[in-house]
Amino acid sequence: MLLMVDSVDSVRTPVKLTSPSRPAFRIRQWILDLQSVTSLEEFMRLHGEERHQLAMRRLAGEPLTERERRRLEALDAQLDRLLPRRPPRKDLDDTLASARRLISLYGTPRPR
Amino acid sequence: MARLDPGDPPELEDPSYRDFRSWLDEVFFDRTCAYCMIDACQLQIDHYEPQGHAPDRVDDPTNLVLACEICNGPGGKWDYHPHYAKRRSRRSDESGIMVLDVRVDDPACLFTIAHDGTIGARAGLGQIRAMWNIEVLELDSRDRTRDREKLMETLDSAERLLEMQRDGRAEASRGELDLVLGRLVELLARARLFFDLLDIPMSEQLRTRVDGARDRLLADFRASS
C-alpha cells in the first residue's frame, strides 16, 4: 500500500507501509486519531496533557524541535476547530473599517 | 491588588445563586468574562469553587463570577480548582496553581497584551502562574487573539482620530470623523473593563470621553434592568 503523508511530520514522499511499527504508519494513525476527535471534552481527555506540556514549553520560550512544533500546530488547529465560535462583531468591523479609511485619507498632517 | 471591586452583594432571603444574576450583571457590566476579560454576548454564572466540589458555596455570592461559555466549558476553567484536583485526566491539573480570580488578582500584574492581540506572561513572581493560566484558559487561541487585536486597534484608531480632530485635519469630512469617533468611543466604553483590568494606557482626553460614554451606557443599563 502506498500512502502520502503530507502533514504533521516531514514525510512527504510516498512510503511503502508494511508494518504498523513504521514511523509513517504511526504518524498517519496519529493524524487520524486527532481528526476523529469531535468534542472538546474528548480532545482534552485524549490530547490535553500533551498539548499542555508543549504549550507550556512554548510559552516559557523553550526551543521545540521541528517535530514538536508541528505537532503543537496540529493540536492547536484541531483545538481551534473545537472551541465554540464567538459571534462576529459586525458593528466593530464596520467601524474599524471606516476609521482605517479616514486615517489613511487624512492621517498625515497636511503641510502648512 | 484586584482591579475589579464587586462591592457587597445584595442581602437576599434564602437566595439561590441565580438570584444574584442582576448584581453580577452590574459588576461585570459590559458583559466581560472574568477569565478571558473579553466581552461576550452570552455570559454564564460560574462557581469559582466548582459546585460539585464545594456544595456549601453554591449559593455564596462571593463564589460567583460571570464567564463566557468557552472559559466556563471544557476548553477553559470548567470545574477546575486546585483544592479539588483532577478535573481532567491531565497530570498538570494537579499543579496546585489557581485560576485567575479577578476579585483577588490583578490581571495587569500577570499578563501583557501586545499590539497584535498576543497575550504573554509578565516576567516576575507570577510568570509561571500566568503561563499556566494562558494555557489552561486557552487565552492564546486564535479567536481570542483576534478579539484582543480588534480592541487594541479600536483604541489606536480612536487615539488617532482624536488627534486628527484636535489638529483640525480632515476638515472636508469633519462630520464623518465625528461620527466614526463617536462609534469608537462607544465601543471602547463597552470594553472598558478589558482596558482597566489589563492596565492598557489611554490618553487623558480619550479617557474622559470614554468615561462619559460609559456612564451613559451604565445609566441606560440600570434603567432597563
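Start with chain B: its average pLDDT (the predictor's confidence in each residue, from 0 to 100) is 88, and 94% of the residues score at least 70. The model as a whole scores ipTM 0.83 and pTM 0.81. This is a predicted model, in which local features need pLDDT of at least 70 and side-chain atom pairs count only at pLDDT 80 or more, while totals for chains, interfaces and linings use all residues. Residues are numbered from 1 along each chain as its sequence is written, chains are lettered from A and ligands numbered from 1 in the order in which they are written, and side-chain values use heavy atoms, leaving out hydrogens and water.

**Stop 1: the interface**

Show chains A and B together. Here 40 residues of chain A are in contact with 49 residues of chain B; contact means heavy atoms within 4.5 Å. The two chains bury about 3900 Å² between them, 59% of it on carbon and sulfur atoms. Buried area is the accessible area (1.4 Å probe) that two parts lose on being put together, summed over both.

Now look for charge pairs. The rule finds 8 salt bridges across this interface. A salt bridge is a side-chain nitrogen of Lys or Arg within 4 Å of a carboxyl oxygen of Asp or Glu. Select A:D93 and B:K150: they form a salt bridge, with the closest N and O atoms 2.7 Å apart.

Next, color the helices of chain A. α2 (40–59), α3 (66–82) and α4 (90–106) each supply at least two residues of the side that touches chain B. Helices (H or I, at least four residues) and strands (E, at least two) are DSSP runs, numbered from the N terminus. Which helix gives the most to that side? It is α2(A), with 13 residues. By type, the chain A side divides into 18 nonpolar, 7 polar and 15 charged residues. Ala, Val, Leu, Ile, Met, Phe, Trp, Tyr, Cys and Pro count as nonpolar, Asp, Glu, Lys and Arg as charged, and the others, Gly among them, as polar.

**Stop 2: a salt-bridge network**

Select A:R51, A:R58, A:D76, B:E135, B:E138 and B:D140. Salt bridges link these residues in a network.

**Stop 3: A:S39**

Move to the loop between α1 (23–36) and α2 of chain A, where A:S39 sits. A:S39 counts as partly exposed because its relative accessibility is 30%. The cut-offs are under 20% relative accessible area for buried, over 50% for exposed, and partly exposed in between (1.4 Å probe, protein chains only). Measure C-alpha to C-alpha from A:S39 to A:L82: they are 6.4 Å apart in space and 43 residues apart in sequence.

**Stop 4: salt bridges within chain B**

Select B:E26 and B:R222. Their side chains meet in a salt bridge (2.6 Å, N to O). The pair links distant parts of the chain, 196 residues apart: B:E26 is in helix α1 (residues 21–27) and B:R222 in helix α7 (residues 204–224).

Go on to B:R129 and B:D105, a salt bridge at 2.8 Å, N to O. B:R129 lies in helix α3 (residues 127–136) and B:D105 in the loop between β2 (64–68) and α2 (107–110) of chain B, so the pair ties together parts 24 residues apart in sequence. Buried or exposed: which is B:D105? B:D105 is buried, because its relative accessible area is 15%. B:R129 is partly exposed at 21%.

Finish at B:R190 and B:E186, a salt bridge with its closest N and O atoms 3.6 Å apart. Both residues lie in helix α5 (residues 174–190) of chain B, 4 residues apart, about one turn of the helix.
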